[in-house]
Amino acid sequence: MVHFVGAGPGAPDLMTVRGKKLLEQADVIIYAGSLVNPALLEDRKEGCQVYNSAMMTLEQVIDVMKQAEEQEKDVVRLHTGDPSLYGAIREQMDALDELGIAYDDCPGVSSFSGAAAALNMEYTLPDVSQSVIITRMAGRTPVPERESIASFAAHQATMVVFLSTGFLEELSRELIAGGYTEDTPAAIVYKASWPEEKTFRCTVGTLAQTAKENGITKTALMIIGNVVTQGNYRRSDLYHPAFSTEYRKAET
Ligand code: SAH
């Protein structure tokens, strides 16, 4: 059987207990070498075969899974963050379906959660934004036109931009075209939860300059919106003394 497992954003102790167990029991581990912390592999079983998928094609990955299945071995396919975001898991699952190989999916802490934690940030502040848009700039992978950054910017909701550190000038331009001002708060989080983690608060107009000045060229998330300053919000009703809930009566 194949287990797709989320490795979390980087720190080994930010993996789920279930994911860790699966890793320790695996006969074969195929890990996304560009972003998965190799420290996660330290507790593997003796004799466990390890493959770095950064050097492999989809066909080669499936081939390893197929051979393992023939030998009744358990495979962990370790993806960075949570496998459901930019993980290219669907194409693997479809190939496994065709081969009749069973699989399941163990979620992980996505880097967008790791980035919020690095900034001690709540993405959904009442009166500021109640939605998070997770997106990316088009690179070699195209983004459907209807999902342009400018169209999302029009919502003025919290935005987390993946896979786009190389396109920050274009990102600023698109955000401004969509209605954000240059001084809209923004942040860059580099390698959230790794020892080399860095956070920078800037604005929509200074994203590219901030990254350049600090030598940030990859493995970063950009967070855009008024939520970045964590101010001007309304306190929650849920914990307000004048508010009754299923569990608590309002104070009079
Ligand atoms: N499935 C992953 C995302 C994979 S796409 C997840 O849930 O996080 C790879 C992109 O994720 C990187 O280009 C970068 O934008 C972001 N990323 C991954 N790990 C990161 C980290 N620790 N800190 C900041 N960004 C990270």
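The count of disulfides in this predicted model comes to 0. A disulfide is a covalent bond between the sulfur atoms of two cysteines. To count as one here, the two sulfur atoms must lie within 2.5 Å. Take Cys48. The closest cysteine sulfur to that of Cys48 belongs to Cys106, and it is 16 Å away, so the gap is too wide for a bond. Now look from the other end. Cys106 is in no disulfide either, with the sulfur of Cys48 as its nearest cysteine sulfur at 16 Å.

Are these two cysteines buried or exposed? Cys48 has a relative accessible area of 12%, so Cys48 is buried. Cys106 is buried too, because its relative accessible area is 3%. The cut-off for buried is under 20%.

Turn next to the ligand. Which pocket does it occupy? The ligand takes up the space of the largest pocket. Around the ligand stand 18 residues. Those that come nearest are Leu85, Ser110, Ser111, Ala192 and Ala220. What kinds of residues make up this shell? The shell divides into 11 nonpolar, 5 polar and 2 charged residues.

Some contacts can be followed atom by atom. Start with the serines. Ser110 places a polar side-chain atom 2.8 Å from an oxygen atom of the ligand. Ser111 also offers a polar side-chain atom, 2.7 Å from an oxygen atom of the ligand. Thr80 takes part through its backbone: a polar atom there is 2.9 Å from a nitrogen atom of the ligand. How much of the ligand does the protein cover? On its own, the ligand has 540 Å² of accessible area, and the protein covers 94% of that.

Technical notes:
Residues are numbered from 1 along each chain as its sequence is written. This is a predicted model: local features need pLDDT of at least 70, side-chain atom pairs count only at pLDDT 80 or more; totals for chains, interfaces and linings use all residues. Side-chain values use heavy atoms; hydrogens and water are left out. A residue is near a molecule or strand if one of its heavy atoms lies within 4 Å of it. A polar contact is a pair of N or O atoms within 3.5 Å; within protein, one must be able to donate a hydrogen and the other to accept it, and residues adjacent in sequence count only if both atoms are side-chain atoms. Accessible areas come from the Shrake-Rupley method with a 1.4 Å probe; for residues, only the protein chains shown count as cover. On a 1 Å grid over the protein atoms alone, a cavity is a set of points where a 1.4 Å probe fits but cannot get out, and a pocket is an open set with protein on both sides within 12 Å along at least five of seven lines; lining residues have an atom within 4 Å of a point. A molecule sits in a cavity or pocket if more than half of its atoms lie within 2 Å of its grid points. Ala, Val, Leu, Ile, Met, Phe, Trp, Tyr, Cys and Pro count as nonpolar, Asp, Glu, Lys and Arg as charged, and the others, Gly among them, as polar. Buried means under 20% relative accessible area, exposed over 50%, partly exposed in between (1.4 Å probe, protein chains only).
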